[in-house]
Structure formats: C-alpha cells, structure tokens
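Hi everyone, thanks for coming. I'd like to walk you through a structure this morning, so please have a look at the screen.

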Amino acid sequence: MELWDRIEPLLERVQKPARYIGLEDGHQRPIHTPDGVSWLLMYPDSYEVGLPNQGLQILYEILNEREDSTAERSYCPWIDMEWEMRAWGVPLFSVDTHRPAGEFDVIGFNLAAELTYTNLLNAVDLAGVPVRQSERTDHHPFVVAGGHCTYNPEPLADYLDFVVLGDGEETVGELSEVLAAWKRGGKAGGRMAVLRQIADVAGVYVPSYYKPVYAEPCHEGQPGVLTELRALDGVPEVVEKRTVASLADWPYPKSQLVPLTDVVHDRLNVEIFRGCTRGCRFCQAGMVTRPVRERPDAQIRRLVAEGIRRTGYDEVTLTSLSSADYSGINDTLAGIQSECGVGEGGGGGISISLPSLRVDAFGVEVAAGVASVRKSGLTFAPEGGTWRMRKVINKAISDEDLFAAVEAAFSKGWRRIKLYFLIGLPTETDQDVLGIAELGKACVGIGRRYHHSASVTVSVGGFVPKAQTPFQWFGQNTPAELQRKVELLQVATRRVKGVNLKWHDPEASTAEGIASRGDRRVGRAIERVWRQGGTFQEWSENFDLDRWSKALEAEGLSLDFVVFRDRSEDELLPWAHISSGLYPDFLWEEWQDALAETTTPDCRWTSCYNCGACTEDGIEHVVGEEAPVWLLAARSVPS
Amino acid sequence: MATCCQIGAIVNSDATVKVRYRYTKVGKVRFVGHRDLCRVWERVLRRVGAPLAYSEGFNVRPRLSFGLALPVGAESEAEYMEAQMVNGCGAEVLEAMCNKEGRIRVELDKALPEGVDITGAATFSGRNISLQHGIDSSQWYYQFRSSDVDGIAERLDTIFSSSHYPVLAERKGKVTEEDIRPGILSLVMYGELTPHIVTVSADLANAAAGGGKSVRPGEVAAALAPGISYRIRRTAQWTNRDDPRRDPIGDTMAAGTAPHIAKCAS
C-alpha cells in the first residue's frame, strides 16, 4: 500500500518537506517479496542528522544485495509533520518507497545517543506498533537496535525484541536467514519461538529471555540494586559482540547517499579503520570497538576516487576514532591528492579532512597533506586541562605535544582551531579545570604569531561515565558542580582575545547519564518522558531536566541513584551480561590505575597487556606498519 | 516546447562562453528548495566533468547563475540556469554539453534527480539577457482543489476587468496593501480538469524587468479562490512582451498560445 498520495498534501504545510521525499542519489527502491525479510533502518533523529549515518548506509546496501532481504530507510518526522501525520492517520513511512513502517518485518534503530531513546519509542508508536515488547503479536515487526548505546541496552530492554552487538555486517545476514525460515514455515511457534532461535545467533541479545532481580530498598528513597539477571531457557549467560576481522572484505558504502537538501557532514566519508587501542579511559567507543582493523591503503584510495567520481563531492572525510593514527597516513593523503587532485577546468581539487585528531600524531607532514583546497576548522581533543588529568584519563599528551600540533596547523595556514575538553572527570580539581583556560590562551598566543586573527574555540562538555569503560564505577558530577566549573572557565577566558568558550548544557549531560548507566527500571521513566511529549531531547528547545527527574521519581528512582552515585566493586552492573570482549578485571585494574595516575600504552606499538579483546576467535590487530608515523618521525630529523 | 539545442557562434576565443539550460522540476522534487537545487546542479556538473570556469580567491566555486527562484512546492517546466565554461572551451565540448546525445549531456541527464530534466540548451559568448533581471513575465498554471468553477470564473472576470485590484500582502514581514492588477498580463480560465479541480492560467509580470509591479502567484491564487488549496506549475518564462514571445534560450512561441502542460499529476 503506497502512502504517497496521503503524505503529499501534508508536505505543503510543513517545514523542509524535502526531508520526506527520498530521491537521494544512491537511494534504492527494493521490491519486497512475501518470502524475503524486509528491514526498515531508522536513525532516531531528524533527517538532517540521520541521513549521513554510515552504519545504516552500510547495512542498507548489504541487506539489499542479499537474495533473502530488502532494506529501506526512515528518520523521525519533525514535530510539525508528526502532528499532521497523527491528525490525518498517516503512519510512519520509509522515505524510499513511502511504505508504512508497520509492514516491514524488522524496524532497526541505530542507537548512538541516549537522548534519542524517546524518539525511538515515538517512532515505534507512530508505526502503529505496541511500544512494549510483550504486547506485540506475530503481525508486528520486530523492533531492534544496534550502535554504541547497546553496550548498556537495559533501559530499552522492555521495548526491544533483540539487540545487535558490535559490527552488524555479518549478523544482519544471519538474522535474515533465521527470519526467512520462520516466515517460510508459517511463523511456526510464534514470536517467542523465533526469538529463542535468534538468541542463538552470536552477538545478539534478546532481553525478554533475561529476568532482572532487585534487592529490597535498603533505606528510605534509595531503591534496591540489581542482584541478578537470570538467563532463561538456556540462552547464553553473557552475550559477546561480533567483530568483523577484516574491513577489506566490506568495502561499503559503495554508493554513499547524496542528499538533495542540507544535512550535517555533507561530504564523502570513507572509513579508514575501525577500533582504537589508545585506551582513553573515558571513551566508550574506543573500549568497545577493539581490536584495530585498518582498511588497506589501496582500497581506501579506490573508495575515495570512485566515491568522488560518483558523487561529485569535493570534500572527503577519512573517518575512524583517531584518523592520524592510520599507519602510512602521509602516503595515503598524498596518494589521494595525486589521484583526485586538480581537475580539468583548473578549479576543483578536493579537500580532505581528518576528524578526531590525536595531538601527538598530527605533525607538520600530516598538516601539509590535509591542507589542500580549503581550510575549514581543525579539531584536537586534549580532553584534560593538565598533564596530571590526562594521565588519569590515559590520554598521555604533554602540553608540548599540543603546542607542537597547534603550531603545525597555524604555520600551514589554519586560522581557527577547536579544542575539546571534558569537565567532571574523576579526581578532577579546580586546577585541572583552569588548566583548560591556560591551554586555550597559550594556543591563541601561538596562533597570533602567524595570523593576527587566529582564534581558538575551547569546547567543554560534562563527562558522562559510560558502561564498559574503566570509569563505569564513577558517580557523575551534578549539574550544579558542572555549572560551577563552567563559570570558572568563563571568568578565566572572559577578556582573552581569540579564545571562544563553548559548553554543553550540564543538565543535558545529566539526562544523558540516566540511560548511560541505568538499569531496566529506568525504561519506564523514559516511557513517561516520551508520553509527555518529550521527543527530540537532543534539541535544546525541547529539553527540560525537570521532566526527567520527575519521571524517575514516579518510578521510585532518582538522579542520585542512577547518575550521581558511585558504584562499588562488588555491585552487579546492569550490563554485566553484555560483553565488548574486554575482561571485567581489566576495566577494574584500569580504574585503579587511573586513580593512581598511572598510564597504559597503546598495544598496537607496544606489548599486549591482555585486555581480552583479541581472544580465541583469532581476531587481532590489522595494521599496516609496525610503528606510528609520528613515532618514526620523532626519531628522524624533521624536514 | 520542443527540446532544442542552439550552439551560438563563438566570436573570439577570449570571450567568455556560457551554456544555458532550460529544465523541469516536476513530481516529488518540487519539495526541494531553490538554493538546495542550485547546490545539486553544482555537484552534478562537477560529477560529469563539465569544464567549468571557476572563481578565484579563498573559496573557489564554479561560475554558475540561476534564474528566478521557484517557491517550494511549485512545479515547473521552465527553469533556467547558466554555466560559464573554462577559457578556450572548444565547439566539441559545447556540443557535448548541449546536444541531447552529447557525451556530457547524456551523463548530466542521468545524474540529475528524478523530475529534473533538461528540455533545451543554448550557448552564447559575451553578453546576454540576465536570467534574473531579463525576465519580463512568468506563466503559471493553477489547479485549484475546488468544484466551484463558476465562482472562480466570476472572480477572475472581476479581477481582470478592473483597473485596480488591491489585496493585503505580506512584504518583508509587514502586511501592506498591494495592487495586483497591473502585474497581471493575462488571466485565463481553463475549466474543470476533473469534477474537483479547476484550472487557470496566469501571465504575471516580473518587476525587475520594469514591466510594472511584480505580483506573486500566491497572491493571485488567494484572490481567485480564497482559502482553497491548489497546485501550481510555472509553464514559461518570457524575456519580452511582443509577438513572438522569446524565452531565455531563444525559444519562441506565438503570443496567445495555450501553455503546454507536459504532466501535472504524478
């Protein structure tokens, strides 16, 4: 049933109607068959934010290439469109063929940010599907999730049919096989039967087969902690993520979607490696994506050249968690420039950007390699304001390292630098906070030697402890404490020319902390916030912390219990049954090392310290060279 | 209008050479805004390797210019854009850009989004009528979602037979009184398309050409059928008012010819 005729009149009344029409370069309009498994892949935020998401684009292509599956895409309709849709009875639809979401076999969400959870619930509801997993029948799609937030999936456990942990490339194929067989067999045994089979697929967590047990509340106000998570009917006690061994086997996306309208990150993206072993203790992404798997240099160059040719973009981002760490980065940059450089007409040439730059890997050579057609801003993330603080978080970059990188950038023509920092880190003192301002000032001083209007944006975010990291036991700073630290920085940078201070709303960080380390009971609070109209919580105009704290209280919980409380060593963490491959002891030892200000080196270039990531499966690092470029360069005389 | 391709003579190799396209914007793509579509053109021209001239300086951009903006949601059979070619661009490249079977044009046709189709091309060197200021009027085709053909016909006659027709209009955020009559060059009832759709064609002046005050198609719609929703399509842009009328790529049509409606429902 095609909904377009009912959608079209609504588009004449809403903002940015192009969000809902599809037609992007690279889009697909698959034909769904009764025997095949149809997936609706959804990013639970607006079109502008969701379209560029690479994870969904990769799965979109893989599922459409298979014989037994098809995939389309969807994004959250904006508030005005949702109003129209509910008023006129138009359900959530795919943007590719405008098919109702409820007609798909699976609705798969990418969970990248906790504050999108209310959007997920809203989308399921808009699809006409019961929000609670237990209420769905055989006629409803399976509601599933993947992405980094799945490493603590418990807040959404009552709302998800199953969860895909880690790399999804292989898993979605295996799931399609199980679901296709179930459909062919007339859906024998119903939902619970096929979910039991799905629980046997490696890397897939089925929350309805695990029952939480809580202790009695011990003193007034404080709810009981989790004491047990019972695995039923023989499902695995611990579910471990999947890891693709070689990125070379997965050259996706082959046809990146190019939108007809404005979106974030509007350029060609090529993933150059997955995983990170720097071991920054606050970073969930780094902890859960080990080991490092680099894409071969020749393949990167081919994907960039073909991508530029196909899309007509003139900017490419080489994506990873720390792109300058790619072995042979200088050669790769040079190779890309020579292949895709200055075009026929004399104009053009392409601009390369490396996001997430490690300060100690960004030298003059890399700067030269990236400095091509256009110089947009350059971002470094020292994260800690003092050397001591950086040892605690295991991001062992000295002040001199930062200054050298910043000087390399300014000397090669950049005028604007952005520096990211966290406040509210474990063991942090006011001195550490003020160190942020000092670094900002010093960097502007360096910049002004090269250009009179050099500027440094100091961007500060409240630290939210995440599951599966060494800091998962640390109680988050309260918003009042974070605000006090922001004010310290405001005073310290007020009259400094060239330093622009920006900060993330401390109350938003607090709300993020709710789902970050919450248990299953938190889900009911999230549902409450959604039912009160709390969608698009990542957008400041819709966000109100009060709504969240009241919702928690209505469920017998509190911000104190979920967010600000330190966890003890013997406490059963709500995500203990989810494994990112790391030994739990490893995380606790890292936590102790942090408190002792001891650092842990990067095992790509030093010896293995047995974190658990490279285990019996035979997965290990895939790196091109034995030592990183910056380390080699340090041993030779700079040119 | 017939698809055409006119390769103008290149006066001398130093003159700037430009290619002008007439294109459609029909179907779902009508919801893509004007500026967004300009960006799509830029990307698509780069993708097909058209040897464009570029601006100099910090932000290097291809030298493209676009015609009058179409409101979001309106369709069109007559949109125009122009690309300046690189210096010394030869006849072979211009053929490739303009001719329907030309190697660049073929790629361009494939790369443009669904609903955006090139229906005519022309090249010229030196000066030509501006795509913004050189347009005397646009022709519009309305489909009103109404069965009140008599009521609309009556209002149409009233408007066209008056010498002044003031309406309240919003200009620059303020509500003012505007006389829409001088800008209406013609207003013709085409009757019922279906029992629920009434169609009207209007030729509305573009102020920049000095042909009287400009009037917005929405203001005329509101006067003809207040409160009624409608679909609208631009069917022509004219650079002159005499007979025959000429469009920005030199196509002509005898005055009074009914607008050619290629396809209105999709």
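I'll talk about confidence, then the interface, then some helix packing in chain A.

First, please keep in mind that this is a predicted model. The predictor gives the complex an ipTM of 0.89, along with a pTM of 0.92. For chain B, the average pLDDT is 87, and 88% of the residues score at least 70. There is one stretch of chain B to treat with care: over residues 262-266 the pLDDT stays under 50, although the model has eleven contacts there beyond four places in sequence.

Now, the interface. How many residues does each chain bring to the contact? Chain A contributes 29 residues and chain B contributes 25 residues. Between them, chain A and chain B bury about 2300 Å², and carbon and sulfur atoms give 53% of that area. On the chain A side, the residues losing the most area to chain B are A:E12, A:L23 and A:L260, which together account for 23% of what that side buries.

Let's move inside chain A and look at three helix pairs, beginning with α3(A), residues 54-65, and α6(A), residues 169-184. Their axes come within 10 Å and cross at roughly 40°, which makes α3(A) oblique to α6(A). The crossing is right-handed. From α3(A) we have A:I58, A:L59, A:I62 and A:L63, and they meet A:E169, A:V172 and A:S176 of α6(A). By class, that contact comprises five nonpolar residues, one polar and one charged.

Next come α14(A), residues 430-448, and α15(A), residues 479-493. Here the axes come within 9 Å, crossing at roughly 35°, and the crossing is again right-handed. Contact residues include A:V433, A:L434 and A:K441 on α14(A), with A:R484, A:L488 and A:L489 among those on α15(A). This contact has seven nonpolar, one polar and four charged residues.

Finally, at what angle do α5(A) and α17(A) pack? Helix α5 of chain A, residues 117-126, and helix α17 of chain A, residues 521-531, pack at about 65° with axes 9 Å apart. The two helices are therefore roughly perpendicular to each other, and α5(A) passes α17(A) in a right-handed crossing. On the α5(A) side sit A:Y117, A:T118, A:L121, A:N122 and A:D125, facing A:I526, A:E527, A:V529 and A:W530 of α17(A). Sorted by class, the α5(A) contact with α17(A) has five nonpolar, two polar and two charged residues.

That's my tour, and I'm happy to take questions.

Methods: Residues numbered from 1 in each chain as written. Chains lettered and ligands numbered in written order. Predicted model: local features only at pLDDT ≥ 70, side-chain atom pairs only at ≥ 80, totals over all residues. Heavy atoms only, no water. pLDDT = per-residue confidence, 0-100. Contact = heavy atoms within 4.5 Å. Axes fitted to C-alpha atoms, helices over the stretch in contact; angles between N-to-C directions. Helix = DSSP H or I, 4+ residues; strand = E, 2+ residues; numbered from the N terminus. Parallel < 35°, antiparallel > 145°, perpendicular 65-115°, else oblique. Left-handed = near helix turned anticlockwise from the far one by under 90°. Nonpolar A, V, L, I, M, F, W, Y, C, P; charged D, E, K, R; others polar. Buried area = accessible area lost by both parts, 1.4 Å probe.
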